[in-house]
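I opened my notebook to record what I looked up. The entries follow my order of reading.

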Amino acid sequence: MLSTRLKSLIQIIEQHAVGEEFYDIACDHCLVGEYFFNENRFSKVYCIDQSRKALEIAFERLKRNNLYSQIPDGFFYKNSALEINHEKGENLTLQKKSTLLLAGIGGHTLTRILDGLSGEKNFSHFVLSPHNDHVHVRRFLAQKGFGLIEESVVQDKEHFYEVYVVSMAERAPIHPYGSKIWQNPNNTSYLRYYVEKLSRYPNSSENALIIEYLKQFI
Ligand SMILES: C[S@@+](CC[C@H](N)C(=O)[O-])C[C@H]1O[C@@H](n2cnc3c(N)ncnc32)[C@H](O)[C@@H]1O
């Protein structure tokens with residue numbers, strides 16, 4: 001069952017997808033991969049997670065939904081268009097220009113995975129939704145030469161999730177404290193919530209700088 005957050009991520013991916021292949025790195029439930037497999041949007045969907053337990057649970061659902069008819073091949077359950085791999089995202093090599101999702105993981109894990117990726121990274125689009133350390137992620141992206149395509153926020157009940165679409169082929173700069181996200185008046189509630197959260201830690205000198213920067217958008 002897709003949550004509001006996952007439905008919004010899917011919409012963003014549909015809007016910005018490039019290439020023939022889709023990777024959901026740190027997929028856990030494989031729900032996004034299952035959606036794109038059913039939609040036939042990509043010629044190949046890869047679901048990757050380091051947790052064997054998570055993939056076993058996902059695999060049982062995929063079997064019930066008749067998406068897998070094969071006998072499991074070791075731990076790598078494959079059919080021609082949907083592949084579930086038990087591995088760490090940082091060990092991946094992209095075969096082709098692709099669209100990649102990294103969502104629901106910490107900012108440091110996300111940047112470690114991005115750093116480790118090799119292959120057709122330069123030509124791919126990344127949809128990123130770290131659940132913390134947003135400044136660290138944006139700074140890392142800027143340093144590595146990524147450019148900003150879209151920056152938004154998804155609300156699911158009382159929770160907010162930042163989402164960045166980035167590519168190495170894009171030139172728009174990535175500001176460490178955010179840019180497009182704050183220019184969108186639909187994100188005002190999140191902006192106020194974010195400033196309030198930062199104000200709870202007044203001893204952090206960077207928080208004071210971020211709050212000062214954000215004032216121009218309020
Ligand atoms: C909270 S779930 C997020 C699931 C999904 N991406 C989402 O947004 O709903 C986090 C998942 O990240 C996986 N994970 C964490 N670090 C990883 C890594 N380095 N490589 C692959 N998977 C990882 C965990 O095993 C877990 O299943």
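Is Lys-157 buried or exposed? I counted 8 other C-beta atoms within 10 Å, so Lys-157 is exposed. The cut-off for exposed is 12 or fewer. I should say early that this model is predicted.

**Entry: backbone angles**

I stayed with Lys-157. I found Lys-157 in the loop between strand E9 (147-156) and strand E10 (159-167). Lys-157 is not a glycine, yet its phi is positive, about 55 degrees. I noted the general rule beside it. Most residues other than glycine have a negative phi.

I then looked up Ala-26. Its phi is near 65 degrees, again a positive value in a residue other than glycine. Ala-26 is in the loop between E1 and H2. Is Ala-26 buried or exposed? Ala-26 is buried, because 21 other C-beta atoms lie within 10 Å. The cut-off for buried is 20 or more.

I also noted Asn-40, just after H2. Asn-40 takes a positive phi of about 60 degrees.

**Entry: around the ligand**

Ala-26 came up again here. Which residues come nearest to the ligand? They are Ala-26, Asp-28, Ser-51, Ala-103 and Gly-104, out of 16 residues around the ligand. Two elements give two or more residues to this shell: strand E2 (44-49) and helix H4 (107-116). I sorted the shell by class. It has seven nonpolar, five polar and four charged residues.

**Entry: helix H2 and its neighbours**

Which residues of helix H2 (residues 31-39) are buried? I listed Val-32, Gly-33, Glu-34, Tyr-35, Phe-36 and Phe-37. I then checked what they pack against. The partners include helix H1 (4-16), helix H3 (52-64) and strand E1 (21-25). E2, strand E4 (82-86) and strand E6 (98-103) are also among the partners.

I looked at H1 with H2 in more detail. Their axes come within 11 Å and cross at roughly 45 degrees. That angle makes H1 oblique to H2. H1 passes H2 in a right-handed crossing. From H1, Leu-6, Leu-9 and Ile-10 take part, and they meet Leu-31, Val-32 and Tyr-35 in H2. By class, this contact of H1 with H2 has six nonpolar, no polar and no charged residues. Val-32 and Tyr-35 are on my list of buried residues too.

I added a reminder about helices. Residues three or four places apart point the same way, because an α-helix has 3.6 residues a turn.

**Entry: helices H4 and H5**

I went back to H4, which I had met around the ligand. At what angle do H4 and helix H5 (residues 134-143) pack? The angle is about 20 degrees, and the axes are 8 Å apart. H4 and H5 are therefore roughly parallel to each other. The cut-off for roughly parallel is under 35 degrees. Their crossing is right-handed. H4 brings Gly-107, His-108, Leu-110 and Thr-111 to the contact. H5 brings His-134, His-136, Val-137 and Phe-140. I sorted the residues of this contact into three nonpolar, five polar and no charged.

**Entry: helices H7 and H8**

How do helix H7 (residues 188-199) and helix H8 (residues 205-214) cross? Their axes come within 9 Å and cross at roughly 155 degrees. That makes H7 roughly antiparallel to H8. The cut-off for roughly antiparallel is over 145 degrees. H7 passes H8 in a left-handed crossing. In H7, I marked Leu-191, Val-195, Leu-198 and Ser-199. They meet Asn-207, Ile-210, Ile-211 and Leu-214 in H8. This contact of H7 with H8 has six nonpolar, two polar and no charged residues.

**Entry: two exposed helix residues**

I looked up Ser-189, which sits in helix H7. Ser-189 is exposed, because 11 other C-beta atoms lie within 10 Å. I also checked Ser-189 against Val-166. They are 23 residues apart along the chain, and their C-alpha atoms are separated by 24 Å.

My last lookup was Gln-11, in helix H1. Gln-11 has 11 other C-beta atoms within 10 Å, so Gln-11 is exposed. How far apart in space are Gln-11 and Tyr-177? They are 24 Å apart, C-alpha to C-alpha, and 166 residues apart in sequence.

Conventions. Residues numbered from 1 in each chain as written. Predicted model: local features only at pLDDT ≥ 70, side-chain atom pairs only at ≥ 80, totals over all residues. Near = placed C-beta within 6 Å. Helix = DSSP H or I, 4+ residues; strand = E, 2+ residues; numbered from the N terminus. Nonpolar A, V, L, I, M, F, W, Y, C, P; charged D, E, K, R; others polar. Axes fitted to C-alpha atoms, helices over the stretch in contact; angles between N-to-C directions. Parallel < 35°, antiparallel > 145°, perpendicular 65-115°, else oblique. Left-handed = near helix turned anticlockwise from the far one by under 90°. Contact = placed C-beta atoms within 7 Å.
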